[in-house]
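Here is a walk through one protein chain, feature by feature. Keep the 3D view open while you read.

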Amino acid sequence: MSGKYLVTGGAGYVGSVVAQHLLEAGHEVVVLDNLSTGFREGVPAGASFIEGDIRDAAKWMDSSFDAVLHFAAFSQVGESVVKPEKYWENNVGGTMALLAAMREAGVRTLVFSSTAATYGEPERIPVVETAPTRPTNPYGASKLAVDHMITSEAAAHGLGAVSLRYFNVAGAYGPYGERHDPESHLIPLVLRVAQGRRDTISVFGDDYPTPDGTCVRDYIHVADLAEAHLLALRAAAPGEHLICNLGNGNGFSVREVIETARQVTGHPIPEVVAPRRAGDPAVLVASAAAAREKLGWNPTRTDLAGIVADAWEFAQYIARER
């Protein structure tokens, strides 16, 4: 059965892929994005587009929407440390305005793009949803604040909500992929070296207690991630706030990612070892058992080479478009 969905931040990386999946499933999609970090060309063909801010969501929200999928957030960890007010105002204040608009219009279903940054430095691996939430930066703190806000909204006003806490999202889906500027994610940075846009890739620490001494992270394909959002729409129940981790449950080290990129691209990709970054856990891997059980989610694109290959194809597509 088709529905009508508002996708906030739908001109960004994950939002655009989710919007495309919704369209392919036969739904009507309206993208709301102020293009501060998103790209107009990232809005899928077939989606309606509103250039606007979530803090003004009441201008466009009405009872014709079946649900909101909320991706409109600033997400640069480093920037959040030096400009925390930007993150509190947009991520928290903007979501508060969005929830008020939804309440007024009678739109009672929400899927929220949360993050593993809410956990901070976890004590145990794999990370489960009951792990202590101790974010180490304002970005993670702002996302955790929104999760608390959603829990209260569900209890007081009957909102049915699902928060999805992503680990490392990667890969691409057709013409929809990472266009971040500045870029901070490992795979696209490695691929920029292969493209000749960077001379080397930095490895921040090679003396961690891991098999090759470099940090280990859980990479999830953006298309698997998108499918979880469609399943979350079905799982949202009035008055309840469900929180699920999204990851593939396997970890890959920084050096494994670099070597895989060398094999995929055929480029040498020189690396240089740099000092550890403060706050980088040695291993960060998700338990996705709750998403499998409660959403019926089963990621299928878990091969690292496939994830990197999709990202490489997208990087080449963007280079041709320039």
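What follows is an informal tour of a predicted model, from its annotated region and its cores out to its surface and its backbone oddities.

## The annotated region

Let's start with what the record says. UniProt, in an unreviewed entry, annotates residues 6–241 as "domain: NAD-dependent epimerase/dehydratase". In the model, that stretch is 35% helix and 19% strand. Its end C-alpha atoms sit 19 Å from each other.

## Two nonpolar cores

The largest nonpolar core has 41 residues, and the members that touch the most others are Val14, Leu22, Leu69, Leu164, Leu246, Leu295 and Trp297. Which elements feed at least two residues into this core? They are the strands β1 (4–8), β2 (28–33), β4, β6 (160–166) and β11 (241–246), along with the helices α1 (13–24), α6 (222–235) and α8 (289–295). Helix α6 gives the largest share, at eight residues. There is also a second core, separate from this one, with 26 residues, among them Val193, Ile201, Val254 and Ala311.

Leu295 is a good residue to click on if you want to see the packing of the largest core, since it is one of those touching the most other members. Setting aside residues up to four places away in sequence, Leu295 touches Leu164, Ala228, Leu231, Ala232, Ala235, Leu242, Cys244 and Ala290.

## Salt bridges around Arg55

The model has 16 salt bridges. Two of them share Arg55: one goes to Asp53, with the closest N and O atoms 2.8 Å apart, and the other to Glu89, at 3.0 Å from N to O.

What does the pairing of Arg55 with Glu89 tie together? Arg55 sits in the loop between β3 (48–51) and β4 (67–70), while Glu89 belongs to helix α3 (residues 84–105), so the bridge links parts 34 residues apart in sequence. The three side chains also vary in how much they show: Asp53 is buried at 13% relative accessible area, Arg55 is partly exposed at 35%, and Glu89 is exposed at 51%.

## A salt-bridge network at α7

Further along the chain, Asp206, Arg255, Glu259, Arg262 and Glu271 are joined in a network of salt bridges. One link in it is Arg262 to Glu259, where the closest N and O atoms are 3.2 Å apart.

How far apart are those two along their helix? Both belong to α7 (residues 254–265) and are three residues apart, so about one helical turn separates Arg262 from Glu259. Each is partly exposed: Arg262 has a relative accessibility of 23%, and Glu259 has 34%.

## A valine patch on the surface

Not everything nonpolar is tucked away. Val77, Val81 and Val82 make up a nonpolar surface patch, and together they offer about 260 Å² of accessible area. Val81 is part of helix α2 (residues 77–82), and with 52% relative accessible area it is exposed.

## The loop between β2 and β3

Two residues in this loop are worth a look. Gly42 is found between β2 and β3 and is buried, with just 4% relative accessible area. Beyond its neighbours within four places in sequence, Gly42 is in contact with Gly10, Ala11, Ser16 and Tyr176. As a ruler across the model, try Gly42 to Asp147: they are 105 residues apart in sequence, and their C-alpha atoms are 27 Å apart in space.

Leu35 is in the loop between β2 and β3 too. Leu35 is partly exposed, at 23% relative accessible area, and it has a positive phi of about 60° despite not being a glycine.

## More backbone oddities

Why flag a positive phi or a cis bond at all? Most residues other than glycine have a negative phi, and most peptide bonds are trans.

Ile269 is another non-glycine with a positive phi, here about 50°. Ile269 lies in the loop between α7 and β13 (271–274). Is this residue buried or exposed? At 1% relative accessibility, Ile269 is buried.

The cis bond runs from Ile125 to Pro126, with omega near 0°. To find it, go to the loop between β5 (109–115) and α4 (138–157), where Pro126 lies.

Conventions. Residues numbered from 1 in each chain as written. Predicted model: local features only at pLDDT ≥ 70, side-chain atom pairs only at ≥ 80, totals over all residues. Heavy atoms only, no water. Salt bridge = Lys/Arg side-chain N within 4 Å of Asp/Glu carboxyl O. Buried < 20%, exposed > 50% of the residue type's maximum accessible area, 1.4 Å probe, protein only. Helix = DSSP H or I, 4+ residues; strand = E, 2+ residues; numbered from the N terminus. Patch = residues over 30% accessible without salt bridge, like charges linked within 9 Å, V, L, I, M, F, W, Y side chains within 5 Å. Areas by Shrake-Rupley, 256 points an atom, 1.4 Å probe, with all protein chains shown as cover. Core = buried A, V, L, I, M, F, W, Y, C linked by side-chain atoms within 4.5 Å. Contact = heavy atoms within 4.5 Å. UniProt positions renumbered as here; feature names shortened; annotations may be inferred.
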